[in-house]
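Colleague: Mind if I grill you about the labels on this one? I'd like to hear the reasoning behind each.

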Amino acid sequence: MKRSAILTATLLSALGLTYVGCTQDFNQFEPTGGTGGLGGGASSSSTMSGPGGMGGMGGVGGMGGVGGVGGVGGVGGMGGSGGMGGMPCQNPGDCPADTACRDWSCVQGMCEANDAPDGMGLPDPTNGDCKDLECDGMGGEREVVDEGDTPPGDGNPCTDSACVNGMPMHVPNTGDPCQGGVCNDAGMCVACIADGDCMGENPTCLPDNTCISCSDGVMNGDETAVDCGGKCGLCPGETCAANGDCKSAFCVDAVCCETACTGTCQACNVAGNLGTCVSTPKGTEDANGAVACTMTMACDGNGACKLKGGEKCNQNSDCISNMCMGSGANKTCAP
């Protein structure tokens, strides 16, 4: 108000006029806002938190000026932010109970937490669950995977205890030997899972995990007779071209034979005895025997090679007919 009067007098003086007015200082009547209240107590990060203090009350607005227009009341001050209160103590017993990952102590009258380092191991509460406990570095605990914490065995020789992606399992020991056979991929003990698991001649492991062979004494698989035919090779008496065609590995007289049948006057293709080595019929020749029986000689039907009828002889046993006829140098075998 005083500043306005002085400005007015100055303008009038410049115009050659004289200003007569009140020079009372009305600043003393202008309203002034009150002082804001103080905030609550300060916070402490190293001590246990408590409730914050109350914010202060706003100041009272100032009075309006006397004789003039009333001044506007001042705005009250903002309340201070509440501070975090600490937990006071006189001894550690006044503080919270210790945990596996956090210890409490009483320091200068305030409770102070001391956290175990991140990753510090804790006792395993459950053995065999593929899990373990450790501290998280912030006073808490966390569960972690432990591949070495395998479950107990299930008594099955065809499974092993293991942790698979953090889960306890019993996994098959495929291919491991077991009583009576070998372990399959289902954790069961079976006779075989491959041909090499079977015994005998030319063995085969069938889809049902059982073994057959060409020497098991049973006609099975693709056999056409007991232990021959199919993958076992041709049976005795069947037509062959080479030894390898036959189960016996003897191809004699164009048929599979039970034996090598190399004796003189023996054959494997005799009618009624195909595949069996027997004496050739009486009077037949044998060019393939250990000693050729041809020309003047022929088989006697008992596996011996003797003179044919009409051939010169010395005694009866020289002849197929078992009769050496005549006398002197003119003896001959009877027909």
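Colleague: Let's start with strands 7, 8 and 9: what makes the sheet open?

Modeller: In this predicted model, the three strands run in the order 7-8-9 with antiparallel pairing. The edges are strand 7 (177-178) and strand 9 (189-190), each of which pairs on one side only.

Colleague: How do you know that strand 8 and strand 9 pair?

Modeller: The cut-off is at least two bridges between the strands. Strand 8 (residues 181-183) and strand 9 have two bridges, in the antiparallel sense, so they count as paired. Within that pair, Val-182 sits opposite Val-190 of strand 9.

Colleague: And what makes strand 5 and strand 6 a pair?

Modeller: Here the count is six bridges, again antiparallel, with strand 6 covering residues 167-172 and strand 5 covering residues 159-164. Cys-163 faces Pro-168 in strand 6. The hairpin has two residues between the strands, and Asn-165 takes a positive phi near 55 degrees there.

Colleague: Which residues form the nonpolar patch on the surface?

Modeller: Val-164, Met-167 and Met-169, with about 250 Å² of accessible area together. To join a patch, a residue needs over 30% relative accessible area. Val-164 has 32%, so it clears that bar, and it counts as partly exposed.

Colleague: Why is the contact between Arg-102 and Asp-115 called a salt bridge?

Modeller: The rule asks for a side-chain nitrogen of Lys or Arg within 4 Å of a carboxyl oxygen of Asp or Glu. Arg-102 and Asp-115 come in at 2.6 Å, N to O, so the label fits. Arg-102 belongs to strand 1 (residues 102-107) and Asp-115 to strand 2 (residues 110-115), so the bridge ties together parts that are 13 residues apart in sequence.

Colleague: Are those two buried or exposed, or partly exposed?

Modeller: Partly exposed is the band between 20% and 50%. Arg-102 is at 26% and Asp-115 is at 34%, so partly exposed is the call for Arg-102 and for Asp-115.

Colleague: What about Arg-142 and Glu-134: how do you know which of them is buried?

Modeller: Their side chains meet in a salt bridge at 2.9 Å, N to O. Buried means under 20%; Glu-134 has a relative accessible area of 16%, so it is buried. Arg-142 is at 32% and so counts as partly exposed.

Colleague: What does Glu-285 pair with, and why does that count?

Modeller: Glu-285 forms a salt bridge with Lys-308, with the closest N and O atoms 2.8 Å apart, and the cut-off is 4 Å. Glu-285 lies in the loop between strand 15 (278-279) and strand 16 (297-299), Lys-308 in the loop between strand 17 (305-307) and strand 18 (324-325), so this bridge ties together parts that are 23 residues apart in sequence. Asp-118, Glu-134 and Arg-142 are joined into one network by salt bridges that share partners. The count comes to five salt bridges.

Colleague: Last one: where is the confidence lowest and highest among the elements?

Modeller: Helix 1 (residues 2-14) has the lowest mean pLDDT, 39, and strand 13 (residues 255-256) the highest, 97. Over residues 1-85 the pLDDT is below 50, though that stretch has 105 contacts beyond near neighbours in sequence. The chain's mean pLDDT is 80, and 74% of its residues reach 70 or more.

Conventions. Residues are numbered from 1 along each chain as its sequence is written. Side-chain values use heavy atoms; hydrogens and water are left out. Patches are made of residues with over 30% relative accessible area and no salt bridge: like charges are joined within 9 Å, nonpolar side chains (Val, Leu, Ile, Met, Phe, Trp, Tyr) within 5 Å. Accessible areas come from the Shrake-Rupley method with a 1.4 Å probe; for residues, only the protein chains shown count as cover. Helices (H or I, at least four residues) and strands (E, at least two) are DSSP runs, numbered from the N terminus. Buried means under 20% relative accessible area, exposed over 50%, partly exposed in between (1.4 Å probe, protein chains only). pLDDT is the predictor's confidence in each residue, from 0 to 100. Contact means heavy atoms within 4.5 Å.
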